[in-house]
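Here are my notes on this one, jotted down as I went through it. Have the viewer open while you read.

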Amino acid sequence: FKMVQRLTFRRRLSYNTKSNRRAVSKTPGGKLVYLYKKKLGTVPKCGDCKQVKLHGITPARPKEMMSMTKRLKTVSRTYGGSRCHKCVRDRIVRAFLIEEQKIVVRVLKAQEANKK
């Protein structure tokens with residue numbers, strides 16, 4: 001049977017955690033070494049309903065997000081990149097109905113004043 005080359009960690013963290021994932025790679029000199037894998041970025045979720053992943057936004061880690069252009073982080077809509085389309089629609093409809101309700105109350109008050 002063939003002898004297997006042992007590998008040592010290149011960093012101080014010695015536990016098998018999410019931040020310490022690694023892959024075995026062979027160097028040009030024929031040695032086996034660990035290469036540390038980066039964590040995968042996630043797509044942001046809607047701030048209202050908390051379950052919808054936002055469309056049109058690039059998944060990235062927070063540090064990568066900082067250097068990305070605005071085009072990759074938002075969509076051209078009110079609350080784009082923060083709320084999903086359904087929640088934005090609900091907000092607009094809610095605001096409209098509240099304004100309508102205020103107008104109805106005003107009209108009723110005017111009618112009461114006219115009767116007196």
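The points below go through the salt bridges, the core, a surface patch and a few single residues.

1. First, a reminder that this is a predicted model. Please read every distance and angle below with that in mind.

2. Let's start with the charged pairs. How many salt bridges does the structure hold? The count is three, and D48 is a good place to begin. Its side chain meets that of R83 in a salt bridge, with N to O at 2.9 Å. D48 sits in the loop between strand 2 and helix 1, while R83 sits in the loop between helix 2 and helix 3, so this pair ties together parts that are 35 residues apart in sequence. As for exposure, R83 counts as buried because its relative accessibility is 19%, and the cut-off for buried is under 20%. D48 is partly exposed, with a relative accessible area of 35%.

3. D48 has another partner, R91, and here the N to O distance is 3.0 Å. This pair also links distant parts of the chain: D48 is in the loop between strand 2 and helix 1, R91 is in helix 3, and their positions lie 43 residues apart in sequence. R91 is partly exposed at 25% relative accessible area.

4. The remaining bridge to look at is the one between K102 and E99, whose closest N and O atoms are 3.4 Å apart. Both residues lie in helix 3, three residues apart, which is about one turn of the helix. K102 is partly exposed, with a relative accessible area of 42%, and E99 likewise counts as partly exposed at 42%. Elsewhere, salt bridges that share partners join D48, R83 and R91 into one network.

5. Now the inside. Which residues make up the largest nonpolar core? There are eight of them: C46, L54, I57, A60, M65, M68, C84 and C87. In general, nonpolar side chains tend to be buried together in soluble globular proteins. C46 is a handy residue to click on here: leaving out neighbours within four places in sequence, it is in contact with V52, L54, S82, R83, C84 and C87. That list includes R83, the residue that forms a salt bridge with D48.

6. There is a nonpolar patch on the surface too, formed by V93, F96 and L97. Together these three have about 290 Å² of accessible area. L97 is in helix 3, and it counts as exposed because its relative accessible area is 51%, where the cut-off is over 50%.

7. N20 deserves a look. Is it buried or exposed? N20 counts as buried, with a relative accessibility of 1%. You'll find it in the segment before strand 1, which spans 22-26. The side chain of N20 reaches the backbone oxygen of L13 at 3.1 Å. Apart from neighbours within four places in sequence, N20 is in contact with F9, L13, S14, Y15 and Y36.

8. T74 is in the loop between helix 2 (70-73) and helix 3 (85-115), and at 29% relative accessibility it counts as partly exposed. A polar atom of the T74 side chain lies 3.2 Å from the backbone oxygen of K70. Not counting residues up to four places away in sequence, T74 touches G56, I57, G80 and G81. One of these, I57, belongs to the largest nonpolar core. For a sense of scale, the C-alpha atoms of T74 and A113 are separated by 50 Å, with the two residues 39 apart along the chain.

9. Finally, two backbone angles to check by eye. K50 has a positive phi of about 65 degrees although it is not a glycine. This residue is found in the loop between strand 2 (32-36) and helix 1 (62-67), and at 58% relative accessibility K50 counts as exposed. Y79 also has a positive phi, near 60 degrees, and is a residue other than glycine. Y79 lies in the loop between helix 2 and helix 3 and is partly exposed, with a relative accessible area of 40%.

Conventions: Residues are numbered from 1 along each chain as its sequence is written. This is a predicted model: local features need pLDDT of at least 70, side-chain atom pairs count only at pLDDT 80 or more; totals for chains, interfaces and linings use all residues. Side-chain values use heavy atoms; hydrogens and water are left out. Helices (H or I, at least four residues) and strands (E, at least two) are DSSP runs, numbered from the N terminus. Buried means under 20% relative accessible area, exposed over 50%, partly exposed in between (1.4 Å probe, protein chains only). A polar contact is a pair of N or O atoms within 3.5 Å; within protein, one must be able to donate a hydrogen and the other to accept it, and residues adjacent in sequence count only if both atoms are side-chain atoms. Contact means heavy atoms within 4.5 Å. Patches are made of residues with over 30% relative accessible area and no salt bridge: like charges are joined within 9 Å, nonpolar side chains (Val, Leu, Ile, Met, Phe, Trp, Tyr) within 5 Å. Accessible areas come from the Shrake-Rupley method with a 1.4 Å probe; for residues, only the protein chains shown count as cover. A salt bridge is a side-chain nitrogen of Lys or Arg within 4 Å of a carboxyl oxygen of Asp or Glu. A nonpolar core is a set of buried Ala, Val, Leu, Ile, Met, Phe, Trp, Tyr and Cys residues joined through side-chain atoms within 4.5 Å.
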